[in-house]
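Colleague: I am new to this protein and would love a friendly tour. Could you show it to me first?

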Amino acid sequence: SGTRRIAGELLDEAIERLDRVLAGDVGDSDELGKHIHEVRKRTKELRGLLRLVEPALGPEATVARRQAAAAARELAAMRDAQALVGTLDELADAVAASERDSLRQARDGQHRLVRDEGATAELATALAVDGMRAARALLTDISDGVDRWSVPDRFRSIEGGVRRTYRRGRRAMRTAAASPT
């Protein structure tokens, strides 16, 4: 079915990117961050697909969606640390010279957590590798079950998910309109 094909493609790309990162087959930390970001995007897309077919697929979709969310969480700290370094770099370039030193000190401390510098970085790297391996295991587990999913290729398969997603969006819009910022 189309659902299995799309899910398989998303999972294959995410797992392939994690394999490249774990093999050390990426360049600098910017490229590493890009790969992790793309893996997280694929898990988000997969979760969206699973939300649509959840009424038709049942508990299998719920379990897979939760596993995909757990995989993304395993990578969140690593991605957040890299994003913080980038933000601190941009801020240091934008502020007055008198404030740059304190921002650069914060950035340098964060760099040590992201790059290979000292014992702190070794611990952070070990934790990041553990997180990537855990994410890969979760995504592989989902991938192993995709071929067993039974989702017919017709609108009725996603109709319930579309209706539920639409209702949630309308509720969120009413909430936002009631208390604008």
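Modeller: Let us take confidence, the core and one residue in turn. This is a predicted model, in which local features need pLDDT of at least 70, side-chain atom pairs count only at pLDDT 80 or more, and totals for chains, interfaces and linings use all residues. Residues are numbered from 1 along each chain as its sequence is written, and side-chain values use heavy atoms, with hydrogens and water left out.

Colleague: Which helix has the highest confidence?

Modeller: We use pLDDT, the predictor's confidence in each residue, from 0 to 100. Helices are DSSP runs (H or I, at least four residues), numbered from the N terminus. Mean confidence is lowest, at 67, in helix α4 (residues 97-114), and the highest mean, 94, belongs to helix α1 (residues 2-22).

Colleague: Which element gives the largest share of the largest nonpolar core?

Modeller: A nonpolar core is a set of buried Ala, Val, Leu, Ile, Met, Phe, Trp, Tyr and Cys residues joined through side-chain atoms within 4.5 Å. The largest one has 30 residues, and L18, L46, L139, I142 and W149 touch the most other members. Two or more residues come from each of α1, α2 (29-57), α3 and α5 (118-146). The largest share, eight residues, is from α2.

Colleague: Is Q67 buried or exposed?

Modeller: Q67 sits in helix α3 (residues 59-94). Leaving aside residues up to four places away in sequence, Q67 has contacts (heavy atoms within 4.5 Å) with L138, D141 and I142. Buried means under 20% relative accessible area, exposed over 50%, partly exposed in between (1.4 Å probe, protein chains only). Because its relative accessibility is 16%, Q67 counts as buried.
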